[in-house]
Amino acid sequence: MSTAARAGKDERPEEVSAHDAQNLPPPAERGATVIPDRVVARIAAKAASTALHRMPGPQRLLAELAAPGARATTYHGTTQLALTVDLPYPTDLGVTCRQLQREVTEQVARLTGLDISEVTLTVRRLVVARQPGRVR
């Protein structure tokens, strides 16, 4: 086996990748990852659903809630979200809505790297716990 062939086989991947990393252009010149608005909206809807099902309350009532809807508008790395949700009743609506907005904002920002400037929340309906029928 020739010396040139052995040198190629003995070369370690760490050395090659370190060499390539030194020759890369700065991150700003490499390009950008673009996340479509519909994907951001799906992430927001899933985050809202997860947050709603972690709220205290009877599980049977939480199971009756319709899936949250979401829309997202992204412009220059800043996103505005619009959520439509069902909420269990009785509940403190103000506290519940603020908690939901905060959790969705944190989760979407963490998963996408986008700055969430606004989360508009629309309560579609309040789901009331069904009372058992009266028995005589």
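Where is the place of Val128? Val128 sits in strand β3, and that strand will come up several times in this tour. Welcome to the structure, which is a predicted model. The protein chain has six helices and three strands, and following the sequence from start to end gives the pattern α-α-α-α-α-β-β-α-β. The points below go from the whole chain to its interior, its charged pairs and its surface.

**The chain as a whole**

- The protein chain holds 136 residues, and buried residues make up 26% of them.
- About 9700 Å² of the protein chain is exposed, and carbon and sulfur atoms supply 53% of that area.
- Take the contacts between residues at least 6 apart in sequence: 70% of these join residues at least 24 apart.

**Helix α4**

- Helix α4 covers residues 37–54.
- With 18 residues at 1.5 Å a residue, α4 should span 26 Å, and its end C-alpha atoms are indeed 26 Å apart, so the expected and computed spans agree.
- Many alanines appear among the buried residues of α4, including Ala41, Ala44, Ala45, Ala47, Ala48 and Ala51.
- Val40, Ser49 and Leu52 are buried in α4 as well.

**The nonpolar interior**

- The largest nonpolar core has 21 residues, and the members that touch the most others are Leu81, Leu83, Leu100, Val104 and Val108.
- Helices α4 and α6 and strands β2 and β3 are the elements that give two or more residues to this core.
- Helix α4 is the leading contributor to this core, giving seven residues.
- Leu83 is a good place to start looking: leaving aside residues up to four places away in sequence, Leu83 touches Ala44, Ala48, Gly69, Ala70, Val104, Val119, Thr120, Leu121 and Thr122.
- Another core, of five residues, lies apart from the largest one, and its members include Leu61, Leu62, Leu65 and Ala129.

**Charged pairs**

- Side chains of opposite charge can pair when their charged atoms come close.
- In this model the count is three salt bridges.
- One of them joins Arg54 and Glu103, whose closest N and O atoms are 2.9 Å apart.
- This pair links distant parts of the chain, since Arg54 belongs to helix α4 and Glu103 to helix α6 (residues 93–112), 49 residues apart.
- How do the two partners sit, buried or exposed? Arg54 counts as exposed because its relative accessibility is 58%, over the 50% cut-off, while Glu103 counts as buried because its 16% is under the 20% cut-off.
- Arg124 and Asp86 also meet in a salt bridge, at 2.9 Å from N to O.
- That pair brings together strand β3 (residues 115–128), which holds Arg124, and strand β2 (residues 78–89), which holds Asp86; the two residues are 38 residues apart.
- Asp86 pairs with Arg125 too, again through a salt bridge of 2.9 Å, N to O.
- Because Asp86 lies in β2 and Arg125 in β3, this pair ties together parts that are 39 residues apart in sequence.
- Through shared partners, these salt bridges join Asp86, Arg124 and Arg125 into one network.
- Within the network, Asp86 is buried, with a relative accessible area of 1%.
- Arg124 is partly exposed at 41% relative accessibility, and Arg125 is partly exposed with a relative accessible area of 41%.

**The surface**

- Tyr89, Leu93, Val123, Leu126 and Val128 make up a nonpolar patch on the surface, with about 390 Å² of accessible area together.
- Strand β3 gives the most to this patch, with three residues; Val128, from the opening question, lies in that strand.
- His76 is found in the loop between β1 (69–75) and β2.
- Why does His76 count as exposed? His76 counts as exposed because its relative accessibility is 70%, and exposed means over 50%.
- His76 and Leu114 are 38 residues apart in sequence, and their C-alpha atoms are 9.4 Å apart in space.

Note on methods:
Residues numbered from 1 in each chain as written. Predicted model: local features only at pLDDT ≥ 70, side-chain atom pairs only at ≥ 80, totals over all residues. Heavy atoms only, no water. Salt bridge = Lys/Arg side-chain N within 4 Å of Asp/Glu carboxyl O. Helix = DSSP H or I, 4+ residues; strand = E, 2+ residues; numbered from the N terminus. Buried < 20%, exposed > 50% of the residue type's maximum accessible area, 1.4 Å probe, protein only. Patch = residues over 30% accessible without salt bridge, like charges linked within 9 Å, V, L, I, M, F, W, Y side chains within 5 Å. Areas by Shrake-Rupley, 256 points an atom, 1.4 Å probe, with all protein chains shown as cover. Core = buried A, V, L, I, M, F, W, Y, C linked by side-chain atoms within 4.5 Å. Contact = heavy atoms within 4.5 Å. Expected span 1.5 Å × (residues − 1).
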